[in-house]
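Hello,

Here is the structure I said I would pass on. My notes on it follow below.

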Amino acid sequence: LMLDGPNNITFTLNSSNPGVATVPPILPVSAGSNIISFKVTAVAQGSTVITASAPGFIDVTANVTVQQPGSFSMSVSNTSIQLEQTASVTITLSQPAPPDGATINLNSSDTSKATLSPSSVFISQGNTTGTALITGAYVGSSSISASAPGYTSPAPIIVQIGATIAWVPATLTIPGAGQQSQLGLTLFATVPGSHDSFPYMDGLT
């Protein structure tokens, strides 16, 4: 398209099936322009024909197909981790990422129990997988979920965060009635925060 004259021109745009995709109603074109573009907005799966028309020009059409929404799966390498341990979260797209890539937003329902890094996973064009890390922050559980515009989200995954404790010593012998010997529990992890923030450690040595 080349507009050599001094005047601008306006094209009328139409989608034969606006239930599938919509277009702006008009497209102004400046004199001297030879390339014009506009955004087609997908509404639902299906096909439509986009028509551009203007006085003095033959109508032109373009076939547009909107594919079904993409989907992705989410997996966690270990759904039962210890304090300060990590597990990987893997996101897998059902089809390669589009030209602009795909950003999957991750969420932990209780960040005091489990944190995510990063909080979103970007999958570049043509690729299908991305990863993040879950870190156990406190004993308990958290639901890990993922979402992205234009994609069907998978079911959340529950991650349990625990701590291993053991009697020290494992066997205790007291030499006689009235005698005392020390028996304690050892937590095989670093207690997060202060001692006061971990109340059931009271009395443990």
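**The open sheet**

Five strands form an open sheet in the order β11-β13-β9-β7-β15, and the pairing is mixed. Its edge strands, each paired on one side only, are β11 (114-117) and β15 (151-152). At the β15 end, the pairing with β7 (residues 70-76) is parallel and consists of two bridges. Ser71 has Thr152 in β15 as its bridge partner.

Please keep in mind that this is a predicted model.

**The chain as a whole**

The chain has 18 strands and zero helices. Of its 205 residues, 29% count as buried. About 12300 Å² of the chain is exposed, and carbon and sulfur atoms supply 53% of that area. Taking the contacts between residues at least 6 apart in sequence, 51% join residues at least 24 apart.

**Strand β1 and its partners**

The side chains of β1 (residues 9-15) alternate along the strand. Ile9, Phe11, Leu13 and Ser15 point to one face and are buried, whereas Thr10, Thr12 and Asn14 point to the other face and are not buried. β1 pairs with two strands that I looked at. With β3 (residues 26-29) the pairing is antiparallel, over four bridges. With β5 (residues 46-53) there are four bridges, and these strands also run antiparallel. Thr12 takes part in both pairings: Ile26 stands opposite in β3, and Ser53 is the bridge partner in β5.

**Ser108**

Is Ser108 buried or exposed? Its relative accessible area is 8%, which is under the 20% cut-off, so Ser108 counts as buried. The residue lies in strand β10 (residues 102-108). A polar atom of the Ser108 side chain is 2.8 Å from the backbone oxygen of Ala114. Leaving aside residues up to four places away in sequence, Ser108 touches Ala114, Leu116, Ser142, Ser143 and Ile144.

**A nonpolar surface patch**

Trp167, Leu172, Ile174 and Leu183 make a nonpolar patch of about 390 Å² on the surface. Where does Leu183 sit? Leu183 is in the loop between β17 (165-168) and β18 (184-187). Patch residues must have over 30% relative accessible area. Leu183 has 40% and is therefore partly exposed, falling between the 20% and 50% limits.

Regards

Methods:
Residues numbered from 1 in each chain as written. Predicted model: local features only at pLDDT ≥ 70, side-chain atom pairs only at ≥ 80, totals over all residues. Heavy atoms only, no water. Patch = residues over 30% accessible without salt bridge, like charges linked within 9 Å, V, L, I, M, F, W, Y side chains within 5 Å. Areas by Shrake-Rupley, 256 points an atom, 1.4 Å probe, with all protein chains shown as cover. Salt bridge = Lys/Arg side-chain N within 4 Å of Asp/Glu carboxyl O. Buried < 20%, exposed > 50% of the residue type's maximum accessible area, 1.4 Å probe, protein only. Contact = heavy atoms within 4.5 Å. Pairing = 2+ DSSP bridges. Polar contact = N/O pair within 3.5 Å; in protein donor to acceptor, adjacent residues only side chain to side chain.
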